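Hello,

Here is the structure I promised to pass on. My notes follow it.

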Amino acid sequence: MAQLWAALCLVAVIEGLILFVAPGLWKRTAAQMLAMSSGALRRVGGVVLLLGVTALVLVRGAG
């Protein structure tokens, strides 16, 4: 459980840095995602989910 909490904190810090350092990039990315078709959005979501699960497995394996 401690590794999951640490991973969530790391993601929150990275997300906060992205929003603070590059708000224009964040807005453009959000606008592009909203303009995507549902099929393309599902593919992007699948890739993000796969990367998240992979990161979780790596974090859990490192502990």
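Leu10 sits in helix H1 (helices are DSSP runs of H or I, at least four residues, numbered from the N terminus). This is a predicted model: local features need pLDDT of at least 70, side-chain atom pairs pLDDT 80 or more, while totals for chains, interfaces and linings use all residues. Numbering runs from 1 along each chain as its sequence is written, and side-chain values use heavy atoms, without hydrogens and water.

Confidence: the protein chain averages a pLDDT (the predictor's confidence in each residue, 0 to 100) of 82, and 97% of the residues score at least 70. H1 is lowest, at a mean of 77, and H3 highest, at 87.

Surface: Leu10 joins Ile14, Ile18, Leu19 and Trp26 in a nonpolar patch (residues with over 30% relative accessible area and no salt bridge, nonpolar side chains joined within 5 Å; a salt bridge is a Lys or Arg side-chain nitrogen within 4 Å of an Asp or Glu carboxyl oxygen). Together they expose about 440 Å² (Shrake-Rupley, 1.4 Å probe, only the protein chains shown as cover). H1 gives four residues, the largest share.

Best wishes

Note on methods: Helix = DSSP H or I, 4+ residues; strand = E, 2+ residues; numbered from the N terminus. Patch = residues over 30% accessible without salt bridge, like charges linked within 9 Å, V, L, I, M, F, W, Y side chains within 5 Å.
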